[in-house]
Amino acid sequence: MESAYPGMKVLLANNLMMAYNQAEAAQPVFAFVEDGFTKLPEFEMMMALFSAMDTRWVSVMDTQGATPARKSSPLLDVGAGIFELTKSDHPSQFAQYFDMMINAPRRSPRAAASASPTRPAAAAGSKKLILIGSSTGGVEALRSVLVGFPFDCPPTLIVQHTGKNFGTGLVSLLDRICPARVRAAEDGIALEPGHVYIAAGQRRHMGLSSRKPLRLRMKEGPDISGHTPSVDALFTSAVPHGKNIVASILTGMGQDGARGLLELRKAGAMTFAQDEKSSVVYGMPRVAWEIGAAQQQVSLARMASTLLQASKA
């Protein structure tokens with residue numbers, strides 16, 4: 001294929017972490033992806049990176065008649081321009097898909113972000129904190145939310161369930177599209193406006209200090225609600241500050257965060273959950289809604305403006 005496309009550079013990776021690092025550095029136009037990679041939970045990060053860079057991709061199955069990953073993964077059901085090929089397909093079919101995808105109009109991620117609806121400004125001097133928990137489908141959901149946050153947003157703390165090796169990549173990915181500064185959660189960090197703190201891929205739970213000025217507290221310990229870091233751990237640590245908290249649960253499997261969100265609501269926090277229609281997996285938000293932890297269900301398209309408006313109250 002290289003001879004048919006002069007100047008084309010081909011990169012090969014034999015594991016998902018290597019593929020992610022190479023893609024982030026090289027920003028490829030097109031990618032062939034082994035179907036087995038697409039079945040890994042961490043492939044959500046790969047999809048988000050491809051989306052951010054407008055990289056087109058095709059999944060390649062081992063044999064004809066194999067069950068494609070998209071049949072078993074809700075993440076791939078929402079992907080656009082995803083095709084399955086088998087290794088036995090004629091090279092002309094690979095070239096056909098390559099030509100079709102590489103010649104399609106490309107967008108600029110920054111232009112797309114600037115074309116989004118006007119971002120609400122954060123309340124000057126607001127003492128509110130925004131807390132967010134998410135799991136399956138959450139990487140893309142967080143991209144959608146944070147692109148709508150202004151550079152002076154309230155301090156925002158996020159727990160995202162992801163693979164242990166992908167926390168740094170998630171921070172980098174979100175920082176490239178968010179007007180505010182996105183950084184990895186670290187113990188003892190003082191919370192500042194215009195900053196988003198991410199706990200992902202770590203073996204420590206993120207929480208808030210008990211005394212002011214508020215700081216991050218990272219603690220080792222067993223899984224809480226089946227996860228480390230845990231959304232419930234973050235939410236329950238914020239209960240003493242409930243009246244100054246705005247919290248939301250986004251798409252995800254299981255029920256991590258629902259109990260903590262309920263405690264926050266009882267403590268005077270404003271609480272929200274992503275609605276079923278816009279959720280990739282309506283698990284965590286559903287439990288939060290059913291037990292009365294969320295005051296309101298909100299579509300992903302409205303989540304950023306809802307959280308920012310609540311932080312002004």
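**Sheet architecture and helix packing**

In the predicted model, seven strands are arranged as an open sheet in the order E6-E7-E5-E4-E10-E11-E12, with parallel pairing. The edges are formed by strand E6 (181-184) and strand E12 (296-298), each of which pairs on one side only. On average, neighbouring strands of this sheet are turned by 25° against each other, direction being ignored. At the E12 edge, strand E11 (residues 270-274) pairs with E12 in the parallel sense over three bridges. Within this pairing, Phe-272 has Gln-296 of E12 as its bridge partner. Helix H10 (residues 258-266) packs on the sheet, where it touches strand E4 (129-134), strand E10 (245-249) and E11. The direction of H10 makes about 150° with that of E10.

Strand E5 (residues 156-160), a member of the same seven-strand sheet, contains Thr-156. The relative accessibility of Thr-156 is 0%, and the residue therefore counts as buried, the cut-off for this class being under 20%. A polar atom of the Thr-156 side chain lies 2.9 Å from the backbone oxygen of Pro-154. When neighbours within four places in sequence are left aside, the residues in contact with Thr-156 are Ile-130, Ile-132, Phe-149, His-195, Val-196 and Tyr-197.

A further strand pairing involves strand E8 (residues 205-208) and E9, which run antiparallel and are joined by four bridges. Met-206 has Met-218 in E9 as its bridge partner. Strand E9 (residues 216-219) presents two faces: Leu-216 and Met-218 make up the covered one, whereas Arg-217 and Lys-219 make up the uncovered one. Met-218 thus belongs to the covered face of E9 and is also the bridge partner of Met-206.

The packing of helices was examined for H7 and H8. Two packed helices are described by the angle between their axes and the distance between the axes. Helix H7 (residues 138-146) and helix H8 (residues 167-177) pack at an angle of about 30°, and their axes are 9 Å apart. H7 is therefore roughly parallel to H8, since angles under 35 degrees fall into that class. The crossing of the two helices, H7 and H8, is right-handed. On the H7 side, the residues that take part are Val-139, Leu-142, Arg-143 and Leu-146. These residues meet Leu-170, Leu-173, Leu-174 and Ile-177 in H8.

Definitions and conventions. Residues are numbered from 1 along each chain as its sequence is written. This is a predicted model: local features need pLDDT of at least 70, side-chain atom pairs count only at pLDDT 80 or more; totals for chains, interfaces and linings use all residues. Side-chain values use heavy atoms; hydrogens and water are left out. Buried means under 20% relative accessible area, exposed over 50%, partly exposed in between (1.4 Å probe, protein chains only). Two strands pair if DSSP finds at least two bridges between them. A polar contact is a pair of N or O atoms within 3.5 Å; within protein, one must be able to donate a hydrogen and the other to accept it, and residues adjacent in sequence count only if both atoms are side-chain atoms. Contact means heavy atoms within 4.5 Å. Axes are lines fitted to C-alpha atoms, for helices over the stretch in contact, and angles run from 0 to 180 degrees between N-to-C directions. Angles under 35 degrees count as roughly parallel, over 145 as roughly antiparallel, 65 to 115 as roughly perpendicular and the rest as oblique. A crossing is left-handed if the near helix is turned anticlockwise from the far one by less than a right angle, and right-handed if clockwise.
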